[in-house]
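Here is a quick tour of one chain, written for someone who likes to know the cut-offs behind the words. Have the viewer open and follow along.

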Amino acid sequence: MTHAQGIWQQIFAFDHYGELLALVRNSLVAGAALGLVGGLVGVFVIMRDLPFAVHGISELSFAGASAALLLGVNVVAGSIVGSIVAAGAIGLLGARARDRNSVIGVIMPFGLGLGVLFLALYKGRAANKFGLLTGQIVAVDTPQMSWLLGTSAVVLVALAAMWRPLLFASADVEVAEARGVPVRGLSFAFMIVLGLAVALSVQIVGALLVLTLVVTPAAAAARITASPVLLPVLSAVFAVASIEGGILLALGSSIPISPYVTTISFGIYLVCRRFGRKRVRGGGVGVQG
């Protein structure tokens with residue numbers, strides 16, 4: 001066997017695949033739920049220009065998960081606490097875009113530094129440390145499943161309750177404010193919802209690559225449609241396809257799940273970008289995202 005063949009077999013290994021597939025039922029269910037959450041939240045992340053905020057929240061989510069790992073408590077709960085703290089701080093201190101970016105720029109290195117400290121103090125399995133950065137959903141257990149699905153339900157209910165006014169405020173904040181929409185309250189509420197979505201996404205692709213679930217699917221969908229109905233549907237479909245495809249490809253290999261998810265997500269984006277350009281040249285409506 002050549003060196004190249006050995007690398008290929010590490011990336012794509014399907015020995016005993018049927019037996020392994022039965023072990024990841026929880027992961028596939030959780031992945032579908034979290035893809036739905038990431039895809040829908042991502043629509044507003046793109047509309048409100050918040051990709052940088054997603055990255056900032058993920059750093060404190062990583063710190064919270066690292067602290068939970070060190071203390072021996074639920075890692076998902078720790079990740080959620082860290083995300084909510086970050087999202088709340090950004091929502092309260094960064095009302096304007098320039099202030100928000102400054103706050104995020106301060107929070108990001110602080111959260112990353114805390115996370116590194118907690119992981120350095122943790123003496124358990126190295127795989128647990130690595131999983132916080134690169135994701136480990138292939139091994140979802142029942143308690144973690146309950147946390148993931150429960151939090152996903154909270155996010156989806158909150159999004160359903162605020163969807164119409166949030167869409168209005170995201171499209172034209174000045175007109176929405178003039179019409180009596182509580183723009184500031186909605187903005188803060190959405191930041192909390194975003195924090196929860198980021199905490200969930202960290203469980204899949206890790207803190208380093210969370211943008212691939214909360215930003216890339218929505219950006220891809222925005223390349224081919226501006227419809228307020230079709231955009232969230234396509235975004236959610238793209239996110240679910242990326243997660244489920246990543247789980248299925250990573251199942252038999254020794255590689256973390258995140259490279260598979262990010263590659264599928266990026267591939268979808270490239271296809272949508274190409275298709276969107278053809279629509280523009282053909283006289284159709286294309287949306288830049």
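A residue is called buried here if its relative accessible area is under 20%, exposed if over 50%, and partly exposed in between (1.4 Å probe, protein chains only). By that yardstick, buried residues make up 48% of the 289 residues in the chain. Keep in mind that this is a predicted model, where local features need pLDDT of at least 70, side-chain atom pairs count only at pLDDT 80 or more, and totals for chains, interfaces and linings use all residues. Numbering starts from 1 along each chain as its sequence is written, and side-chain values use heavy atoms, with hydrogens and water left out.

**Overall layout**

The chain has 14 helices and 0 strands; both kinds of element are DSSP runs numbered from the N terminus, with helices being H or I of at least four residues and strands E of at least two. Its exposed area is about 13600 Å², and carbon and sulfur atoms supply 68% of that. Accessible areas come from the Shrake-Rupley method with a 1.4 Å probe, and for residues only the protein chains shown count as cover. Now for contacts, meaning heavy atoms within 4.5 Å. Among those with a separation of 6 or more, 77% are between residues 24 or more positions apart.

**Helices α3 and α10**

Two of the helices can be checked against an expected span, which is 1.5 Å times one less than the number of residues.

| Helix | Residues in helix | Expected span | End-to-end C-alpha distance |
|---|---|---|---|
| α3 | 23 residues | 33 Å | 34 Å |
| α10 | 23 residues | 33 Å | 32 Å |

For α3, the distance agrees with the expected span, and for α10 it agrees as well. Helix α10 covers residues 183-205 and is mostly covered, with 17 of its 23 residues buried. Just after α10, Gly-206 takes a positive phi of about 85°.

What does phi do just after α3? There, Asp-49 has a positive phi of about 55°. Most residues other than glycine have a negative phi. Asp-49 is in the loop between α3 and α4, and it counts as exposed because its relative accessible area is 58%.

**An aromatic cluster**

Rings of Phe, Tyr and Trp (its six-membered ring) pair if their centres lie within 6.5 Å; planes under 30 degrees apart count as stacked, over 60 as edge-to-face and the rest as tilted. How many aromatic pairs does this rule give? The count comes to 2. Phe-44 and Trp-163 form an edge-to-face pair, at 4.7 Å centre to centre and 75° between the planes. That pair links distant parts of the chain, with Phe-44 in α3 and Trp-163 in helix α8 (residues 142-171), 119 residues apart. Phe-44 also forms an edge-to-face pair with Phe-190, this time at 5.8 Å and 65°. Because Phe-44 lies in α3 and Phe-190 in α10, this pair ties together parts that are 146 residues apart in sequence. Phe-44, Trp-163 and Phe-190 form one aromatic cluster. Is Phe-44 buried or exposed? Phe-44 counts as buried because its relative accessibility is 0%, and Phe-190 is buried too.

**Other covered spots**

Helix α12 (residues 216-224) is mostly covered, with 9 of its 9 residues buried. Its buried residues include Pro-217, Arg-223 and Ile-224.

Glu-59 sits in helix α4 (residues 51-71) and counts as buried because its relative accessibility is 5%. Leaving aside residues up to four places away in sequence, Glu-59 touches Met-108, Gly-111 and Leu-112.

Val-24 is in the loop between α2 (17-21) and α3 (25-47). With a relative accessible area of 2%, Val-24 is buried. The C-alpha atoms of Val-24 and Leu-251 are 8.2 Å apart, although 227 residues separate the two along the chain.

**A nonpolar patch outside**

Patches are made of residues with over 30% relative accessible area and no salt bridge; like charges are joined within 9 Å, nonpolar side chains (Val, Leu, Ile, Met, Phe, Trp, Tyr) within 5 Å. A salt bridge is a side-chain nitrogen of Lys or Arg within 4 Å of a carboxyl oxygen of Asp or Glu. Val-229, Leu-230, Val-233 and Val-237 make up a nonpolar surface patch with about 340 Å² of accessible area together. Of these, Val-233 is in helix α13 (residues 230-250), and it counts as partly exposed because its relative accessibility is 44%.
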